[in-house]
Amino acid sequence: MSRLLLRGVEVDGAACDVLIADGRVAAIGRDLPRERDEIAGRGGALIPGLVDHHIHLLATAAAAESIDLSACETLDAVAGEIARIAATRPAGSWLRATRCPAPVAERLDRHVLTRIAPAHRLRVLDRTGALWVLNDAALAAAGEIAGLERDSGRLWRGDAALRAAIGTVVPPLAPLGARLAACGVTAVTDASVTTDADAAAILTGAIPQRLTLMSGGALSSPADGAFAVGPVKIVPDERAPPDLDAFIARIADARAWGRAVAVHCVTAFELALTLAAFEAAGTRPGDRIEHGSVIPADAIPVIAALGLTVATQPGFVAARGDAYLRDVAAGEHADLYRCASLIAADVPVLGSSDAPYGPLDPWAAMRAAVTRETAAGVVLGADERIAPAQALRLYTGGTSVRVGMAADLCLLRVGLAATLDALDAQNVAATLIGGRAVHLSI
């Protein structure tokens, strides 16, 4: 039986030692007997490991090797960044650009992209992850794809079809797992609607974090528990929404598979349709609203009455808040990425990144939940600010470490009070999953 002693840590404000045996917390006390393997806590707080409740692992790993257009607010800036990278790549090779701001993406078509990169196969993904735009060379390589507008080169929500047409090289996932571990993340839920058995096989064991997978269709967890199966993902795209009966039928499919449902909701219309579908079909524990980007005040009691959970991304307030202030009607600012009002209504709220579309660092998202400050320092939705301890609970479910729990833990460099003052990933000293250190920087 493997044993590890965390010497001199803080648990619930008290100095103590914590013994881990066979992957679980075995004892908490003062002056526990020495063990062969020990980590010096130096008074740092020991808390449950963080969970990213909504992430897209393969897309995040791929984005790390792609051209990042997030800072390109004009077409000229997009063209310049793509041309800069194209100059370093062989003619005829694929270029993958991501996170293109929506106002610029709206101006892209096959002709524009061909002028930008005439010698390469270029595909560009908008910031939401919903729209691909291909240039002429990419279109020729892709061939016929259902839903691909060949005149414009635009493809909405066609990730799986595009991968099937052009093939894919699986991006390295280990660096992403290391980045998450450095932030204290011990578990993730991949929220990709395209996940199937093949994608599950790629993800299994590729990162150290415990893995839960959503999917748009049937999916079974392996006997060895290498991953858990999460809710069935439904994406009621406002551009071409399902009728209510079709939506209810998708919920019925999930119930037949014994699974909860998680619905992508980034507009007020998508939320209204989702609530109507749940009211008709009924809910079960684990049913979720993903994002909750826009939640009108009168929808909050409905969400609470239905017993739904909201998996939100406060990091978007910091990352995109200035654009929201510019592009979203002032009367809707209070509805964006709610937190405090949901918690006050006893709606369970989970924190997440939505990476690669949102910032990966959970501590930065916690700070955004507390301050609601945009990059320019403007407060967006002041009434939705929450206390630092509440922000931490979005990712841990609590701060208590107890005997018998799985040893999925985050050891901090400072005590809990100082941690809550700063909410900074730099304070993560060690991350343990099942009692094994997957990150150690003491």
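This passage describes a domain, two buried residues, a helix and a pocket in a predicted model.

The UniProt record, in an unreviewed entry, lists residues 41–438 as "domain: Amidohydrolase". Over residues 41–438, helix accounts for 35% of the chain and strand for 20%. The C-alpha atoms at the two ends of this stretch lie 16 Å apart.

Two residues were examined for burial and contacts. Thr 60 belongs to helix α1, which covers residues 57–63. Its relative accessibility is 5%. Buried means under 20%, so Thr 60 counts as buried. With neighbours within four places in sequence set aside, Thr 60 contacts Ile 55, Leu 176, Ala 355 and Pro 356.

Ala 191 sits in a loop. That loop runs between β12 and α8 (197–203). Ala 191 has a relative accessible area of 0% and is therefore buried. Ile 55 is 136 residues away from Ala 191 along the chain, yet their C-alpha atoms are separated by 5.8 Å. Contacts of Ala 191, again without neighbours within four places in sequence, are His 54, Ile 55, His 56, Met 214 and Lys 233. Ile 55 is thus listed as a contact of Ala 191 and also as a contact of Thr 60.

Helix α10 was considered next. It comprises 14 residues, 268–281. At 1.5 Å a residue, a helix of this length should span 20 Å. The end C-alpha atoms of α10 are 20 Å apart, so the expected and computed spans agree. Buried residues in α10 are Glu 270, Leu 271, Leu 273, Thr 274, Leu 275, Ala 277 and Phe 278. An α-helix has 3.6 residues a turn, so residues three or four places apart point the same way. The packing partners of the buried α10 residues are two helices, α9 (244–256) and α11 (300–306), and two strands, β15 (261–265) and β16 (288–291). Gly 282 comes just after α10 and adopts a positive phi of about 90 degrees.

The second largest pocket holds about 210 Å³ of space. It is lined by 16 residues, and those closest to its centre are Gln 209, Arg 210, Leu 211, Thr 212 and Ala 226. Three strands each contribute at least two lining residues: β6 (50–55), β12 (185–190) and β13 (210–215). By residue class, the lining consists of nine nonpolar residues, six polar residues and one charged residue.

Conventions:
Residues numbered from 1 in each chain as written. Predicted model: local features only at pLDDT ≥ 70, side-chain atom pairs only at ≥ 80, totals over all residues. Heavy atoms only, no water. 1 Å grid on protein atoms, 1.4 Å probe; cavity = no way out; pocket = protein on both sides within 12 Å on 5 of 7 lines; lining within 4 Å. Points joined across faces, edges and corners; volume = space filled by probe spheres on them. Helix = DSSP H or I, 4+ residues; strand = E, 2+ residues; numbered from the N terminus. Nonpolar A, V, L, I, M, F, W, Y, C, P; charged D, E, K, R; others polar. UniProt positions renumbered as here; feature names shortened; annotations may be inferred. Buried < 20%, exposed > 50% of the residue type's maximum accessible area, 1.4 Å probe, protein only. Contact = heavy atoms within 4.5 Å. Expected span 1.5 Å × (residues − 1).
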